[in-house]
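Colleague: I am new to this structure and would like a close look at a single part of it. Could you take me through that part carefully, with enough of the surroundings to place it?

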Amino acid sequence: MRKLFFVLVSLYIASASLYAEKGGNELNKSAIIQKHIQEQLEREKKYAREKAFYEGSEYNLDETKVDESTVKDVPVIKPEDDFDMDEVYSDIQ
């Protein structure tokens, strides 16, 4: 008997909350749409402020380029040990 009472009360509460959501949803629909429009406008304003960063056309990156004539003078450093992976896995087979 208690279980039946609990199920009926739970069902009543669930249906009442669903009914309350449905009734208020139509009134708030335009408010929700306006909220989303405002959020999108804020994103567009942010993009407009950061547009120079995203496009990168106003940055002068020539200072960071490497002069290829100086790269030729860099000595090649040979590794001290020639590590071969075949030696590591030769015991497994």
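**A close look at helix H1**

Modeller: Buried residues make up 0% of the 93 residues in the protein chain, and please keep in mind that the model is predicted. The protein chain holds four helices and zero strands, so that its elements, read from the N terminus on, follow the order α-α-α-α. About 10000 Å² of the protein chain is exposed, and carbon and sulfur atoms supply 58% of that area.

Within this setting, the part to look at is helix H1, which covers residues 2-49 and includes Val 9. Val 9 belongs to a nonpolar patch on the surface, formed together with Phe 5, Tyr 12 and Ile 13, and these residues have about 460 Å² of accessible area together. Val 9 itself counts as partly exposed, because its relative accessibility is 32%, which falls between the 20% limit for buried and the 50% limit for exposed.

Helix H1 also holds a charged pair, Lys 45 and Glu 42, which lie three residues apart, about one turn of the helix. Their side chains meet in a salt bridge, with 3.8 Å from N to O, and this distance is within the 4 Å that the definition of such a contact allows. A search of the whole structure finds one salt bridge. Both partners are partly exposed, since Lys 45 has a relative accessible area of 47% and Glu 42 has one of 44%.

Notes:
Residues numbered from 1 in each chain as written. Predicted model: local features only at pLDDT ≥ 70, side-chain atom pairs only at ≥ 80, totals over all residues. Heavy atoms only, no water. Helix = DSSP H or I, 4+ residues; strand = E, 2+ residues; numbered from the N terminus. Buried < 20%, exposed > 50% of the residue type's maximum accessible area, 1.4 Å probe, protein only. Areas by Shrake-Rupley, 256 points an atom, 1.4 Å probe, with all protein chains shown as cover. Patch = residues over 30% accessible without salt bridge, like charges linked within 9 Å, V, L, I, M, F, W, Y side chains within 5 Å.
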